[in-house]
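User: Please examine the structure shown below and answer a series of questions about its packing and its helices.

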Amino acid sequence: MSSKLTGTLQHILDRLPPYVEPPVAGKLTRLVGLTLEASGLSVSVGDRCLVKDLHQTVEAEVVGFSEDKTYLMPVQAMGHLRAGATVIPIASASELVIGEELLGRVVNGFGEPIDGKGPLYCRSRQPLNGEYINPMHRQPIREPLDVGIKAINAMLSVGRGQRLGLFAGSGVGKSVLLGMMTRFTNADIIIVGLIGERGREVKEFIDEILGTEGLSRSVVVASPADDPPLLRLRAAQYTTSIAEYYRGQGKNVLLLMDSLTRYAQAQREIALAIGEPPATKGYPPSVFARLPQLVERAGNGEEGGGSITAFYTVLTEGDDQQDPVADSARAILDGHIVLSRRLAEQGHYPAIDIEASISRAMPQVVSEGHLKAAQRFKQLFSRYQQSQDLITIGAYTQGQDQELDAAIRLMPDMRAFLQQGLKEKVDYQRSGQLLSALLQQANGGQPANSGQQAADRAPAGQAVAGQQGAQQELRRAPAVKQRQGGIQPVKPKK
């Protein structure tokens, strides 16, 4: 019996590191804003520390150092700390709990449950920073993903393993669109990261938008806006780590993060607090280095493995599509879906601006006929938008431009095609059938491809001549009225 016990103890001793350096406590010397400055510590960036005062203990994380000074940021609410408080290093914050037990649960940036369903007992831990995947070993994007929304399935087809951005201002419907994709998308596991949003929206998203059915196959990581910036940053990394864990098991994961802009703003707060100079509209360079590090972790894994299809919402402040974060995200993502405030105000939902949106992986995941049909739809839609002012005031006469005539005739159907109810699901195959049937009306009952060929054969100057003629009519006509057979200008009274 003693020999067995000795063997067990020896086995445990062999697994321990040969030397463990005892932690050396330091002292809090300075506090400015959310930045804690301590001295006497021997720690690395990412290590956690406990700041102990007479009446409270605050957990903080090391974010930088300068000579003998160590900079820390709190990861929880900070009260009234005093100078000289003891700073004690504890375990590293580079790993968090993970496992199958997370399915159907709502956790915070620490991996702690906040849904009131009891404690979590996860057996594994996952690094926050993820593992590097050789780009030459990644699977290419070849298989379409059904998201249940016909405007996206037909016009902006998503490939399994693609990363797209939802670009919009506040209150245009990003979160609701994410909720629809959560319920309708054909994926094994859904990981939702609510980063920096209002605390009220967290429960509303889970109860009303996600629903019981969506939550049953999801993991939600929530870090509302009143959390410290370091906790918001960690929550976004934790969300991606959970998705990587399930991808490593060969599953197809849908990752929804709301929002990437809040992640960038959290990094901006941290960088400015420790003295990093601002570069572009107040954003330090580290922000634009962090974004691709987070986004590149999504996508397909190695051959034979799983995939992470990711949707990131990007808040465009003041509906400015040239916002630094939006511009940087657009460059590193595999496509962008722009939501228009103008369409939202007209009751057009989802408010997808089909002209400003693009899916870069669509040519690789759809058939040639599907791709040509989508291009034909965009041509007709754009043709109408370019001449909308002339049509509205009645300065255009039918018969001058066949393409524009077809666009005017189909515009009500095209607008209806791009709209969808919140609880209405349209699968990928049905979306393609509806698109083909719609375009057959423009081609006189012929397949959609024949309409594309007809457009290719049309004289190049026909559209230009038609628009110039309409502009001349606009200058001559002070008033208009509609007659049968077309819109005609009213002759001015003498």
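User: How many aromatic pairs does a search of the whole structure find?
Analyst: The model is a predicted one. Two rings pair if their centres lie within 6.5 Å. With that cut-off, the search of the whole structure gives a count of 4 aromatic pairs.

User: Is the aromatic pair of Tyr245 and Tyr246 stacked or edge-to-face?
Analyst: The two ring centres are 5.2 Å apart, and the planes meet at 80°. Planes over 60 degrees apart count as edge-to-face. The pair of Tyr245 and Tyr246 is therefore edge-to-face.

User: Is Tyr245 buried or exposed?
Analyst: Buried means under 20% relative accessible area. Tyr246 has a value of 0% and is buried. Tyr245 has a relative accessibility of 16%, so Tyr245 too counts as buried.

User: What is the angle between the planes of Phe377 and Phe381?
Analyst: Phe377 and Phe381 lie 4 residues apart in helix 11 (residues 368–386), so about one helical turn separates them. Both residues are buried. Their rings form a stacked pair with centres 6.2 Å apart, and the angle between the planes is 10°.

User: Which residues do ring pairs link into a cluster?
Analyst: Phe377 and Phe381 form a stacked aromatic pair. Ring pairs join these two and one further phenylalanine into a cluster, whose members are Phe377, Phe381 and Phe417.

User: Which helix gives the most residues to the largest nonpolar core?
Analyst: The largest nonpolar core has 65 residues, of which Ile152, Met155, Met181, Phe311, Ile337 and Phe377 touch the most other members. The greatest contribution to this core is 7 residues, and it comes from helix 13.

User: How many residues make up the other core, the one that includes Tyr238?
Analyst: This core lies apart from the largest one. Its members include Ala235, Tyr238, Val253 and Val287, and its size is 51 residues.

User: What distance separates the C-alpha atoms of Phe311 and Leu254?
Analyst: Phe311 belongs to strand 17 (residues 307–315) and is buried, with a relative accessible area of 0%. Beyond four places in sequence, its contacts include Val147, Met181, Leu254 and Ile337. Phe311 and Leu254 are 57 residues apart along the chain, yet their C-alpha atoms are separated by 8.0 Å.

User: Why does the end-to-end span of helix 13 agree with expectation, and what is that span?
Analyst: Helix 13 (residues 402–417) has 16 residues, which at 1.5 Å a residue should span 22 Å. Its end C-alpha atoms lie that far apart, so the two values agree at 22 Å.

User: At which residue does helix 13 bend?
Analyst: The bend is about 55°, and Pro412 follows within four residues. The buried residues of helix 13 include Ala407, Met411, Phe417 and the residue at the bend. That residue is Leu410.

User: What is the span of helix 4 between its end C-alpha atoms?
Analyst: Helix 4 (residues 199–216) has 18 residues, and a straight helix of that length would span 26 Å. A kink of about 100° is centred on Leu210. The span between the end C-alpha atoms of helix 4 is only 22 Å.

User: Which elements do the buried residues of helix 4 pack against?
Analyst: Among the buried residues of helix 4 are Val202, Phe205, Ile209 and Leu215. The buried residues of this helix pack against one helix and three strands: helix 3 (174–184), strand 8 (106–107), strand 13 (189–195) and strand 14 (218–223).

Definitions and conventions
Residues are numbered from 1 along each chain as its sequence is written. This is a predicted model: local features need pLDDT of at least 70, side-chain atom pairs count only at pLDDT 80 or more; totals for chains, interfaces and linings use all residues. Side-chain values use heavy atoms; hydrogens and water are left out. Helices (H or I, at least four residues) and strands (E, at least two) are DSSP runs, numbered from the N terminus. The expected span of a helix is 1.5 Å times one less than its number of residues. The bend at a residue is the angle between axes fitted to the seven residues ending there and the seven starting there. Buried means under 20% relative accessible area, exposed over 50%, partly exposed in between (1.4 Å probe, protein chains only). A nonpolar core is a set of buried Ala, Val, Leu, Ile, Met, Phe, Trp, Tyr and Cys residues joined through side-chain atoms within 4.5 Å. Rings of Phe, Tyr and Trp (its six-membered ring) pair if their centres lie within 6.5 Å; planes under 30 degrees apart count as stacked, over 60 as edge-to-face and the rest as tilted. Contact means heavy atoms within 4.5 Å.
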